[in-house]
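Colleague: Got a minute to walk me through this one?
Modeller: Sure, let me put it up.

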Amino acid sequence: MKAASLSRRVLLVVSVALFAGCAHKAMAPLYMWEAFPKMQYDTLLRPGVTPLEQVGAMEAQAEKARAAGAALPPGFRAHLGMLKLSAGDVDQARQLWQAEKAAFPESTPYMDQLLKRLDAPVKKDNPA
Amino acid sequence: MKLIRVPPWAVLAFAFLSGCATKAPPYDYAAFMKAKPATLLVLPPVNESPEVNATSGVWSHATLPLAEAGYYVLPVTLVDETFRQNGVATANDAQDIPATKLREFFGADAAVYMKIKKYGTSYAVLASETRVEVEARIVDLRSGELLWQGRAAATSAEEQQQSQGGLIGLLVTAIVKQIIGTATDASYRYAGIANQRLLGAPRYNGVLPGPRSPNYGKPPAAQ
């Protein structure tokens with residue numbers, strides 16, 4: 001009985017080791033994600049309702065990333081900018097969308113479209 | 001009877017190794033390698049399940065694996081807002097917008113078209129199962145060419161399974177659990193695992209690593 005359970009344990013260790021060999025080595029993550037995917041989920045679930053309570057958590061995460069020298073994920077600054085805009089803070093929104101562009105130049109065309117609207121909010125241009 | 005004694009672990013090890021060796025034929029990455037996309041627009045996933053939260057669940061989990069794979073992913077919450085402000089009401093409508101229009105407005109190199117085949121918990125007499133199944137196609141918005149497609153699933157049942165997917169699944173589960181922390185509903189959690197399997201890189205026959213990945217430009221994952 002005892003020997004059987006021991007050999008079963010050895011078997012498990014060996015098979016896990018083998019699997020680890022098959023699986024790719026985990027790399028260090030490129031970005032500090034924390035609850036950002038969950039925040040995006042919560043925002044998508046309630047269209048039209050901007051969860052302003054996320055602002056505090058996001059600013060804390062940004063501070064933590066700065067202290068740790070970690071990179072914030074793509075879209076983090078843009079999402080925070082959208083929350084700021086909902087709270088009526090146009091200047092902060094503009095700054096954050098500019099920051100998204102600076103951190104990820106790939107975002108420039110889209111951020112420029114959003115910034116253009118920010119400066120002329122009455123005019124509605126249609127992408128479709 | 002002097003048979004050679006083969007220890008049971010050796011039999012098992014052999015079984016595992018052969019499990020690694022048998023696999024689907026390698027994906028043809030010619031178009032993907034030529035296109036070299038850097039910026040991805042993930043469109044709202046089309047939901048074929050009865051669960052109303054499925055689109056949000058899968059969409060919100062798409063950014064992490066693709067960004068960690070080395071791509072810039074346009075912020076999904078702002079993309080959602082843009083679509084709604086422009087009268088694009090459903091995921092189907094969004095996925096029907098011509099590639100050139102998407103390219104013009106969002107400036108992305110490629111779009112990710114996702115479809116949710118299963119999402120939710122089915123309750124049975126003996127055991128309930130939470131299952132998420134997703135498909136994805138990556139299409140170049142400059143040429144309209146299909147660069148990659150794949151599908152993946154994650155289920156609560158695999159923790160009991162003996163198959164290769166079972167144990168690898170457990171490893172992935174452990175990793176994703178750490179990433180997403182405590183999520184409210186089970187389907188949301190399995191959506192994270194399914195998306196990691198579908199869109200994470202490098203994976204055999206998976207999405208190629210993008211420009212921001214240390215694996216960018218290396219040959220596709222060999223196993």
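Here is our chat about the two chains.

Modeller: Before we start, this is a predicted model: local features need pLDDT of at least 70, side-chain atom pairs count only at pLDDT 80 or more, and totals for chains, interfaces and linings use all residues. Residues are numbered from 1 along each chain as its sequence is written, while chains are lettered from A and ligands numbered from 1 in the order in which they are written.

Colleague: How many helices and strands in chain A?
Modeller: Six helices and zero strands. Helices (H or I, at least four residues) and strands (E, at least two) are DSSP runs, numbered from the N terminus. Along the sequence, chain A reads α-α-α-α-α-α.

Colleague: And chain B? How many of each there?
Modeller: Chain B has nine helices and six strands.

Colleague: What share of each chain is buried?
Modeller: In chain A, 29% of the 128 residues are buried. In chain B, 44% of the 223 residues count as buried. Buried takes 20 or more other C-beta atoms within 10 Å of a residue's own; exposed is 12 or fewer, and partly exposed is in between, with C-beta atoms placed from the backbone.

Colleague: What about contacts far apart in sequence?
Modeller: Two residues are in contact if their C-beta atoms, placed from the backbone, lie within 7 Å. Take contacts in chain A between residues at least 6 apart in sequence: 47% join residues at least 24 apart. For chain B, residues 24 or more positions apart account for 68% of the contacts with a separation of 6 or more.

Colleague: Let's zoom in. What span does H5 of chain A have?
Modeller: H5(A) covers residues 90-103, which is 14 residues. From first C-alpha to last it reaches 20 Å, close to the 20 Å expected at 1.5 Å a residue. The expected span is 1.5 Å times one less than the number of residues.

Colleague: Which of its residues are buried?
Modeller: In H5(A), they are A:Ala93, A:Leu96, A:Trp97 and A:Glu100. Seen down the axis of H5(A), they fall within an arc of 100°, so they line one face of the helix. The arc is that of the directions from the helix axis to the C-beta atoms.

Colleague: What sits on the face turned away?
Modeller: That face of H5(A) carries the exposed residues A:Asp91 and A:Ala102.

Colleague: And what covers the buried side?
Modeller: The cover over the buried residues of H5(A) includes helices H4 (76-86) and H6 (108-119) of chain A.

Colleague: Now H6(A). Which residues are buried there?
Modeller: A:Tyr110, A:Met111 and A:Leu114. Down the axis of H6(A), the buried residues fall within an arc of 95°, so they line one face. Exposed A:Lys116 and A:Asp119 are on the face turned away from the buried side.

Colleague: What covers those buried residues of H6(A)?
Modeller: The cover includes H4 and H5 of chain A, together with helices H5 (76-85) and H7 (99-106) of chain B.

Colleague: Switching to strands. How do E1 and E4 of chain B run, parallel or antiparallel?
Modeller: E1(B) (residues 39-42) and E4(B) (residues 110-122) run parallel, joined by three bridges. Strands pair if DSSP finds at least two bridges between them. B:Leu41 stands opposite B:Ala111 in E4(B).

Colleague: Which way does E5(B) run against E4(B)?
Modeller: E5(B) (residues 129-140) and E4(B) run antiparallel, with twelve bridges. There, B:Met114 stands opposite B:Ala136 in E5(B).

Colleague: Does E2(B) join in, and in what sense?
Modeller: E2(B) (residues 46-47) pairs with E4(B) in the parallel sense over two bridges. B:Val46 has B:Lys115 as its bridge partner in E4(B).

Colleague: Any backbone oddities?
Modeller: Most residues other than glycine have a negative phi, and most peptide bonds are trans. A cis peptide bond joins B:Ala201 and B:Pro202, with omega about 0°. B:Pro202 is in the segment after helix H9 (186-199) of chain B.

Colleague: Which residue in the H1 to H2 loop of chain A should I look at?
Modeller: A:Glu34, in the loop between H1 (2-22) and H2 (36-45). Phi of A:Glu34 is near 45°, a positive value in a residue other than glycine. A:Glu34 counts as buried because it has 21 C-beta neighbours inside 10 Å.
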